[in-house]
Amino acid sequence: MSAPLLEVSNLQMHFPVREGLFLRARAFNRAVDGVSFTINPGETLGLVGESGCGKSTLGRCITRLYTPTGGSIRFAGEDITHMRPRTLRPLRQDIQMIFQDPMESLNARHTVGDILEEPFIVHRIGDRVWRRKRVAELLNIVGLPARSATRFPFEFSGGQRQRIGIARAIALNPRLVICDEPVSALDVSIQSQILNLLVDLQREFNLAYLFIAHDLAVVKHVSDRVAIMYLGKIVETAPSETLYREASHPYTQSLISAIPVPDPHRKAQRDVLRGDVPSPINPPTGCSFHPRCPRAEPRCSEAEPGLAPLTGNHAAACHLLARSG
Amino acid sequence: MALLEVDQLITEFATDEGLVRAVDGVSFTVEAGATLGIVGESGCGKSVTALSIMRLLPQPMGRIAGGSLRFQGTDLARLDIPAMQKIRGRRIGMVFQEPMTALNPVHTIGRQLTEGMLLHKVCEPANALRAAADMLDRVGIPSPDLRLGEYPHQLSGGMRQRVVIAMALACEPDLLIADEPTTALDVTIQAQILELIADLQKRMGMAVIMITHDLGVIAETCEQVVVMYAGKVAEQGSVFDIFDRPAHPYTRGLLASIPRLETEAKSRLGVIEGMVPGLRDLPLGCRFENRCTFAVDRCREQLPAPEQVAAGHAVSCLRWQEL
C-alpha cells in the first residue's frame, strides 16, 4: 500500500475564550480535540457532523489557515504543523479549498478571468498568454463557457459560482482539496450537477478530497470512507458502505435515523435524539455524547472511550462496543 | 368544505425593471387537519405563496394581482387590514425558517409569547403568563417558567424554533404555515421539530402547509404535495402519486437527483441540466422547457394547462402521456 497523502495525528485546536480587562484566556473552546486520520492519494474521506462539532475548524487547520495547538499534520511525508508561511507557500499549491458560499469566497470586484488567473500569478507560473489559455481550459473543465472569463461573480447563479470556486481550487493541480460544505447552499437539481463534477474531476486528476458536510447522504455518496465527528472528536469511522449498513456508535445510528427518507412508504418510527449538542468550551466528562445517548451507562460519564477498531477499517469510540468487540 | 382553497393565485412584485410575476395561477386546497407540502427550488414562488396567504407580502412592492384565497369561506385576498389582523396569528399561524429573525431580540420570550394571546383575547391578561408557560411546556422546552424571563439569544437554535412554534400555536390556529421550519437546523434537531409539529397537529387538529425544498421532509410529513416550478404548479397529488408515479419531467428529475443512503457511492446522480429561468425572461411555453430532455417544439410555444392523471393527481405537461 502506498504511503498516505495526509496523515493527521492527535490534532488539537483549542481557541482561547478571552474575558476581562486584560483579555486573559479564561477557558478554551476545544473545537478540535484529538483527531487522527489519514487520506490516501485519490481517495475521499467524508467528514460528517452537526454545527459546532469542529469539522470546519479541522479543514482550516489542514490548509493551515489556523495553526493547530497540538498534534501533527503530515502532508506527503512532510510535517506541516508548524511550517512558516514562506516554506508553506509551495505546499499551498498541493492543498486547496472549496468553500460553502462561493459568493463570499470570490472577490466581487474581479472578473472570473482575474480570479482564476490569480493562483498562477501568486505562484509565478507561466506568462500572461499561457495563463489566459489555462483559464479558458479551466472554465471548460468545470463546464462554463469561455466567455465567462470577462464577467463578474454576481452575474452567475449559485451553482455556476460554485463551479468557479472549483475551477480556482483545481487551477494549480493540487493533490488534496478540502471541500467545506460545497453543496449545502445549492438547490437539489444543482447540487447533483456539482457532486457529479467533483466525482469526475477526482477520477480525471487523481484528486484526494476531504469532504466536509452535515448531510450524511451527500457525504456517503461521494466518499470512500466516512468519519463522524461529535464535539471535536471522531466517534466512528468506516468505509462508506459499512458505515451506512453497520453503523455502530449510538450517535451515528441516531444521525442516520434522523435523516428524512424521500420515500413515503418508509415513514420510519425513528429514535429522535433528545437535547442539544453541549458546548465545546465545557464538554461533558467521559464520553462527550453520554448526556444525549439513549444507551449511556454510569461508566460513560467517567472514562473517555478511545477510537477502537471493530472490524477491518471500521472503528468506533464507545464503551459499549469495546465490551462486545 | 375545504379549510383553504387557493384558486388561480397571482402575486406580482413591482421592481425597478418592471412587474415580476412570482406566483402565476397557483391553485390547491387544504382540508381541515391535513398536511399539504409545497416543494420547489429557490425562486419557485413557494414562500411568496405562503406570504400571500398570510397577507404579509413586502409593501408596497408586492401585491395579489388575481385569484382568490378562500379560508373558511372568506376570501383573504379581499380582506381589509383590520379583518386580516383578526385572522393572522389567530386562525392561521406561521413559522419561519430563521428563528432568530422571527424573534425580537430585545423582548423576553414571555412577552413575545403573550403578545398574540392578549391581542386576540384568547386568554385573560392575568392568566397569560401561565398559558405561555403551558405552551412552552407543550413544545418540549424544559423549565418553561424560567424561560419566560429569558431573551432569544440565551436559547439554542432548536429551542428558538420551538419558541417560534409555540408563538404560532399559542392561539390554537386552524392552519399552520411552516416555511422551511427546519432548514436552518441540524438533522437531529430537525427530527425533533418535525416530530413536535406532527404531534401538536394531531392533538390540536390543525392543518399544516409545509413549505420545503427537501423531498425527504415532504415524504415524511405530508399527505398532499404541490410541486412548484418558476411560479407555477408543475404537478400535484397525493404523496404517493408524487413519489411513486411522478408524471412531470421536473418531478422525476428532482427525485433522481437526490443522493440517498442506499445509492452506490460515487455513482452518477441524475441531473437537471441548466438552471431555472429568471422571472423577467420566462419562456413563452412551458417554464421547464429549456431544461427538459423531453421538450419538443410545441412545448416552446404552448403553455401547458393542468391535466388530470388520476383522481386528485394533476400535471402541467403537454407530453406526460407519452413519457
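This is a guided walk through a structure with two chains described here, A and B, starting with each chain as a whole and then moving to a few helices and a loop. Please keep in mind that the model is predicted.

Let us begin with chain A. Its chain is built from 11 helices and 12 strands. The radius of gyration of chain A is 21 Å, close to the 20 Å that the globule rule gives for 325 residues, so chain A is as compact as a globular protein of that length. If you draw a box along the principal axes, the C-alpha atoms of chain A fill roughly 70 × 60 × 45 Å. Of the 325 residues, 54% count as buried. Contacts in chain A with a separation of 6 or more can be looked at by how far apart the partners are in sequence, and 63% of them join residues 24 or more positions apart.

Chain B can be read in a similar order. Here there are 12 helices and 12 strands. A compact globule of 323 residues would have a radius of gyration near 20 Å, and the 21 Å of chain B agrees with that. The C-alpha trace of chain B spans about 65 × 50 × 40 Å along its principal axes. Buried residues make up 55% of the chain's 323 residues. For contacts in chain B with a separation of 6 or more, residues 24 or more positions apart account for 63%.

Now zoom in on a pair of helices in chain B. Two packed helices are described by the angle between their axes and the distance between the axes. For α7(B), residues 157-169, and α8(B), residues 187-204, the angle is about 20° and the axes are 10 Å apart. An angle under 35 degrees counts as roughly parallel, and α7(B) and α8(B) are therefore roughly parallel to each other. Their crossing is right-handed. On the α7(B) side, the contact is made by Gly158(B), Gln161(B), Arg162(B), Ile165(B) and Leu169(B). The α8(B) side brings in Ile189(B), Gln192(B), Ile193(B), Leu196(B), Ile197(B), Leu200(B) and Met204(B). By character, the residues of this contact divide into 8 nonpolar, 3 polar and 1 charged.

The next stop is a helix in chain A, α10(A), which runs over residues 250-258 and is mostly covered, with 7 of its 9 residues buried. The buried ones are Pro250(A), Tyr251(A), Thr252(A), Ser254(A), Leu255(A), Ile256(A) and Ala258(A). What do they pack against? Within chain A, their partners are β3, α8, β9, β10 and α9, and α8 of chain B joins them.

Over in chain B, α11(B) is also mostly covered, with 7 of its 9 residues buried. These are Pro249(B), Tyr250(B), Thr251(B), Gly253(B), Leu254(B), Leu255(B) and Ser257(B). They pack against α9, β9, β10 and α10 of chain B, together with α7 of chain A.

From α11(B) we can follow chain B into the loop that leads to α12(B), where Leu284(B) lies. Is Leu284(B) buried or exposed? At 75% relative accessibility, it counts as exposed. Leaving aside residues up to four places away in sequence, Leu284(B) touches Arg300(B) and Leu303(B). Leu284(B) and Glu301(B) are 17 residues apart in sequence, and their C-alpha atoms are 6.0 Å apart in space.

Technical notes. Residues are numbered from 1 along each chain as its sequence is written. Chains are lettered from A and ligands numbered from 1 in the order in which they are written. This is a predicted model: local features need pLDDT of at least 70, side-chain atom pairs count only at pLDDT 80 or more; totals for chains, interfaces and linings use all residues. Side-chain values use heavy atoms; hydrogens and water are left out. Axes are lines fitted to C-alpha atoms, for helices over the stretch in contact, and angles run from 0 to 180 degrees between N-to-C directions. Helices (H or I, at least four residues) and strands (E, at least two) are DSSP runs, numbered from the N terminus. Angles under 35 degrees count as roughly parallel, over 145 as roughly antiparallel, 65 to 115 as roughly perpendicular and the rest as oblique. A crossing is left-handed if the near helix is turned anticlockwise from the far one by less than a right angle, and right-handed if clockwise. Contact means heavy atoms within 4.5 Å. Ala, Val, Leu, Ile, Met, Phe, Trp, Tyr, Cys and Pro count as nonpolar, Asp, Glu, Lys and Arg as charged, and the others, Gly among them, as polar. The radius of gyration is taken over C-alpha atoms; the globule rule is 2.2 Å times the number of residues to the power 0.38. Buried means under 20% relative accessible area, exposed over 50%, partly exposed in between (1.4 Å probe, protein chains only).
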